[in-house]
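User: I should like to work through this model step by step, with short questions and reasoned answers. Please begin once the structure is shown.

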Amino acid sequence: MSNLVIMYWSCPYCNSKNIEGSKRECPHCGRPRGDGTRFYFKDDTRERVSDEEAANVSREPDWYCSFCNSLNSAKDLTCRSCGSSKIASEMNYFEMKEKEEREAREKENEHSSIYDAGDYGYNDENDYDKENYDYENSSSTVTRTYDDESQFYIGPKEKPPTALKVLLQNKVVLYSMIAFFIISFFVFLLTPKSQTISVTSHEWEKQISIEQLNTYEESSFNLPVGARVHDTRWEIESYVQVLDHYETKTRTVTDYVQTGSHTETDYVDLGNGYAEAVTRTVPDYEYVSRTETYEDPVYRSEPIYGTKYYYEIDRWEHERYVNSKGEGTDDYWPEVTLTSEKEREGNHNESFTINALKKNKEKNYTSNRDIWITLEDGKTYKVKISLGKITEIVEEK
């Protein structure tokens, strides 16, 4: 048997199906194959033609008559329906299908532009019948498919996404906006705001840290400044991994190897009612396990020695606070009494508080000493305040 396989077609006029591809006219209505012809396989079987029949079959696609829309064999020099010359026609079976697909896409775009939300389905009485013209799907067949549904079906349009949905989908923009709002919020809090207050009283507090000199016994490979060394030793400071030897071990590995081959047959639509069987050799692979030996390195920890220092060192550390506080503006530092030569004054801290009325409500504000001493009890001022701190006196009311 030859490598040619019979294909079938359906008549678009009388809806007859499974007409052999070699037949030019519909056996029921007599209409010739035309521009609606689509060749297909009618089932899973592939019917090969004899060598004698195959010898008379052209391997070229049918040509499309531009005058009567009929399909003719490549061997026909004139149209068997109207007698027009093959030379006067420009397209063959595949070129005709390509043109129809292009026109279908243009038609779909036109429908989309004038789409009405309540309009569904096919809008042209000449739209193709998908049931009549679809190819039979087969994993071992190479054919040119024609998706009528994707070209002619018009479904409901989706509602455009809201601005919030678009924002949530763009995480970079979303995070940037969140960061912007957070920064703006803190800038708003830190920006001094003008307010009017009536000063009622002043408070102050001062604090001095008393530090004590303490001596510690320590050891280290690095000698700190001020240390008094009383011993040094050669000791292990760290370890390094050094290759000692190799051990022979076995392991199981899996390889993906070719174990044989098989043949597969593809069917190429010739565009004339026949398909050509093309056989190809396909390699077979499978996973195969094997055992192999390898050398596994073994390491040992090698000590690194260094000079370790044993020493005494003195450190000033906080021991206690000495405080003073009061009301009014007569502030002073507390009197400090050191109990030994191993004590000293450390950090000096002070705070100043303004008690005032703001809209008849008692409020407490802090400030630096210059502003604090300038504001007088019983007077009203316009000041700038940031986070509860008076930063500037604008004017006295």
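User: In the lining of the second largest pocket, how many residues are nonpolar, how many polar and how many charged?
Analyst: This is a predicted model, and the pocket in question holds about 220 Å³ of space. Its lining is made up of 15 residues. By class, the lining of the second largest pocket has six charged, seven polar and two nonpolar residues.

User: Which residues lie nearest the centre of the second largest pocket?
Analyst: The second largest pocket has 15 lining residues, and five of them are named as nearest its centre. These are Ser22, Val57, Ser73, Asn272 and Tyr274.

User: Is Ser386 buried or exposed?
Analyst: Ser386 belongs to strand E13, which covers residues 380–386. The relative accessible area of Ser386 is 12%. A residue counts as buried under 20%, so Ser386, at 12%, is buried.

User: The side chain of Ser386 reaches the backbone oxygen of which residue?
Analyst: Leaving aside neighbours within four places in sequence, Ser386 is in contact with Leu189, Leu190, Thr191, Pro192 and Thr391. For one of these residues a polar contact is found, with a distance of 2.8 Å from the side chain of Ser386 to the backbone oxygen. That residue is Leu190.

User: How many bridges join strand E8 to E13?
Analyst: Strand E8 covers residues 193–220 and runs antiparallel to E13. One bridge places Ile197 with its partner Tyr381 in E13. The number of bridges joining E8 to E13 is six.

User: Over how many bridges do E8 and strand E10 pair?
Analyst: Strand E8 also pairs with E11 (residues 343–358) in the antiparallel sense, over 13 bridges; there, Lys206 has Glu350 as its bridge partner. With E10 (residues 274–327) the sense is again antiparallel, and Ser220 has Tyr309 as its partner in E10. The number of bridges between E8 and E10 is 18.

User: Is Gln258 buried, partly exposed or exposed?
Analyst: Gln258 is found in strand E9, residues 228–269. Its relative accessible area is 48%. Buried means under 20% and exposed means over 50%, so Gln258, at 48%, is partly exposed.

User: What distance separates the C-alpha atoms of Gln258 and Val288?
Analyst: Apart from neighbours within four places in sequence, Gln258 is in contact with Pro283, Asp284 and Tyr285. A polar atom of its side chain also lies 3.2 Å from the backbone oxygen of Gly260. Gln258 and Val288 are 30 residues apart along the chain, and their C-alpha atoms are separated by 9.6 Å.

User: Why is one side of strand E5 and of strand E6 left without a neighbour in the sheet?
Analyst: The open sheet has three strands in the order E5-E4-E6, with antiparallel pairing. Strands E5 (71–72) and E6 (91–92) stand at the edges, so one side of each has no neighbour, because each has a single partner strand.

User: Which residue in E5 stands opposite Trp63?
Analyst: Strand E4 (residues 63–64) is joined to E5 by two bridges, and the two strands run antiparallel. Opposite Trp63, in E5, stands Asn72.

User: What share of the residues in the chain is buried?
Analyst: The chain comes to seven helices and 14 strands. Among its contacts between residues at least 6 apart in sequence, 70% join residues at least 24 apart. Of the 397 residues in the chain, the buried share is 28%.

How values were computed. Residues are numbered from 1 along each chain as its sequence is written. This is a predicted model: local features need pLDDT of at least 70, side-chain atom pairs count only at pLDDT 80 or more; totals for chains, interfaces and linings use all residues. Side-chain values use heavy atoms; hydrogens and water are left out. On a 1 Å grid over the protein atoms alone, a cavity is a set of points where a 1.4 Å probe fits but cannot get out, and a pocket is an open set with protein on both sides within 12 Å along at least five of seven lines; lining residues have an atom within 4 Å of a point. Grid points are joined across faces, edges and corners, and a volume is the space filled by probe spheres set on the points. Ala, Val, Leu, Ile, Met, Phe, Trp, Tyr, Cys and Pro count as nonpolar, Asp, Glu, Lys and Arg as charged, and the others, Gly among them, as polar. Helices (H or I, at least four residues) and strands (E, at least two) are DSSP runs, numbered from the N terminus. Buried means under 20% relative accessible area, exposed over 50%, partly exposed in between (1.4 Å probe, protein chains only). A polar contact is a pair of N or O atoms within 3.5 Å; within protein, one must be able to donate a hydrogen and the other to accept it, and residues adjacent in sequence count only if both atoms are side-chain atoms. Contact means heavy atoms within 4.5 Å. Two strands pair if DSSP finds at least two bridges between them.
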